[in-house]
Amino acid sequence: MKTNSNAYKVKLGIFVSLGILILFLIIFFIGTNQNLFGSKFRINTNFRNVSGLQIGAQVRFSGIAIGTVENIAIINDSTVNVEAVMDLDVKKFIKKDSKASIASEGVIGNKILIISQGSTKLPEIKDGATITSMEPLEFDAILSSVQVTAENAEIITSELALLLNNVNNGEGTIGKLMNDEEMAKDLDKTMENLRKSSKGLNENMEAAKSNFLLRGYFKKKEKEKEKEAERLKKEAEKKEKEAKKQAEKAKK
């Protein structure tokens, strides 16, 4: 009887000890996750809409979890204050111009608070200070924007289809050009007349050059071109000589 009683007590003691050990482990992990141990500091930031951010949410800096959201309070009808607790070790990296924003873990994950990197030239933030914030982009707003874009694309597609249908049916100016054979022939004739006119103009210019009344004019123009070419040639030679002189001086 006594042997059974002692065995029962031993088993009970082991069970209670394991329970206490598991309890301590749970407290340790929760405390580590919630920054209950070690030195810490607080910052505040204000939003118009916290977009589902909850107390206990992670605070991240450069993709690393550095703290948790400790309190969320409505200040007035347009301001919500968020207070975060973070490890004191990262305080030196958070500057006065750092900004807070709200993001999601994945596409539809839990909301987290993101602290951006500030300017290295500015001093670090003080305990309890308030930093500026960037309003979160609501998923509903994104869906509304996508819906508007899709509706606009549908309207453009339908109008384009109507335009192509009118062109195929020979309606409108483009449709007539594409489908009216007579108009196409007239357009070909117009282009042919333009080519003939251009050829005739060239022939007239050559004939004008041979005319003794205009021969002096064209010779004068040719002499002016020759003088201009000669002037440009002399300027180029002069620049080349100056460059050679400067090169020789530099060698000396």
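How many helices and how many strands are there in the protein chain? The answer is five helices and seven strands, where helices (H or I, at least four residues) and strands (E, at least two) are DSSP runs, numbered from the N terminus. This is a predicted model, in which local features need pLDDT of at least 70 and side-chain atom pairs count only at pLDDT 80 or more, while totals for chains, interfaces and linings use all residues. Residues are numbered from 1 along each chain as its sequence is written, and side-chain values use heavy atoms, with hydrogens and water left out.

**The overall picture**

- Reading from the N terminus, you meet the elements in the order α-β-β-β-β-β-β-β-α-α-α-α.
- The protein chain has 252 residues, and buried ones make up 17% of them; buried means under 20% relative accessible area, exposed over 50%, and partly exposed in between (1.4 Å probe, protein chains only).
- About 19,800 Å² of the protein chain is exposed, and carbon and sulfur atoms supply 59% of that area; accessible areas come from the Shrake-Rupley method with a 1.4 Å probe, and for residues only the protein chains shown count as cover.
- Take the contacts (heavy atoms within 4.5 Å) between residues at least 6 apart in sequence: 61% of them join residues at least 24 apart.

**The barrel**

- Seven strands make a closed barrel in the order S1-S4-S3-S2-S6-S5-S7, with mixed pairing; two strands pair if DSSP finds at least two bridges between them.
- On average, neighbouring strands of this sheet are turned by 35° against each other, direction ignored; the axes behind such angles are lines fitted to C-alpha atoms, for helices over the stretch in contact, and angles run from 0 to 180 degrees between N-to-C directions.
- Strand S1 (residues 40–47) and strand S7 (residues 130–134) run parallel and are joined by two bridges. Here Thr45 has Ile131 as its bridge partner in S7.
- S7 also pairs with S5 in the parallel sense, over three bridges. Ala100 finds its bridge partner in S7 at Ser133.

**A closer look at strand S4**

- How much of strand S4 (residues 79–87) is buried? Eight of its nine residues are, so the strand is mostly covered.
- S1 and S4 run antiparallel and are joined by eight bridges. Opposite Phe47, you will find Val80 in S4.
- Strand S3 (residues 64–76) also runs antiparallel to S4, with eight bridges joining the two. Ile72 stands opposite Val82 in S4.
- S3 and S4 form a hairpin, with two residues between them.

**Salt bridges**

- A salt bridge here is a side-chain nitrogen of Lys or Arg within 4 Å of a carboxyl oxygen of Asp or Glu, and by this rule there are six.
- One of them joins Arg60 and Glu105, whose closest N and O atoms are 2.5 Å apart. Because Arg60 lies in strand S2 (residues 58–61) and Glu105 in the loop between strand S5 (99–104) and strand S6 (111–115), the pair ties together parts that are 45 residues apart in sequence.
- Arg60 is partly exposed at 23% relative accessibility, and Glu105 is partly exposed at 33%.
- Glu228 and Arg231 meet through their side chains in another salt bridge (2.5 Å, N to O). Both residues lie in helix H5 (residues 212–251), three residues apart, which is about one turn of the helix.
- Arg231 also meets Glu235 in a salt bridge (2.6 Å, N to O). This pair lies in helix H5 too, four residues apart, again about one turn of the helix.
- Elsewhere, salt bridges that share partners join Arg42, Glu70 and Glu83 into one network.
- Back in helix H5, Glu228 is partly exposed at 37% relative accessibility. Arg231 is partly exposed at 37%, and Glu235 is partly exposed at 37%.

**A nonpolar patch on the surface**

- Which residues form a nonpolar patch on the surface? They are Val10, Ile14, Leu18, Leu21, Ile22, Leu25 and Ile26, with about 640 Å² of accessible area together.
- Patches are made of residues with over 30% relative accessible area and no salt bridge: like charges are joined within 9 Å, and nonpolar side chains (Val, Leu, Ile, Met, Phe, Trp, Tyr) within 5 Å.
- Ile14, one of the patch residues, is found in helix H1 (residues 2–33). Ile14 is partly exposed, with a relative accessible area of 48%.
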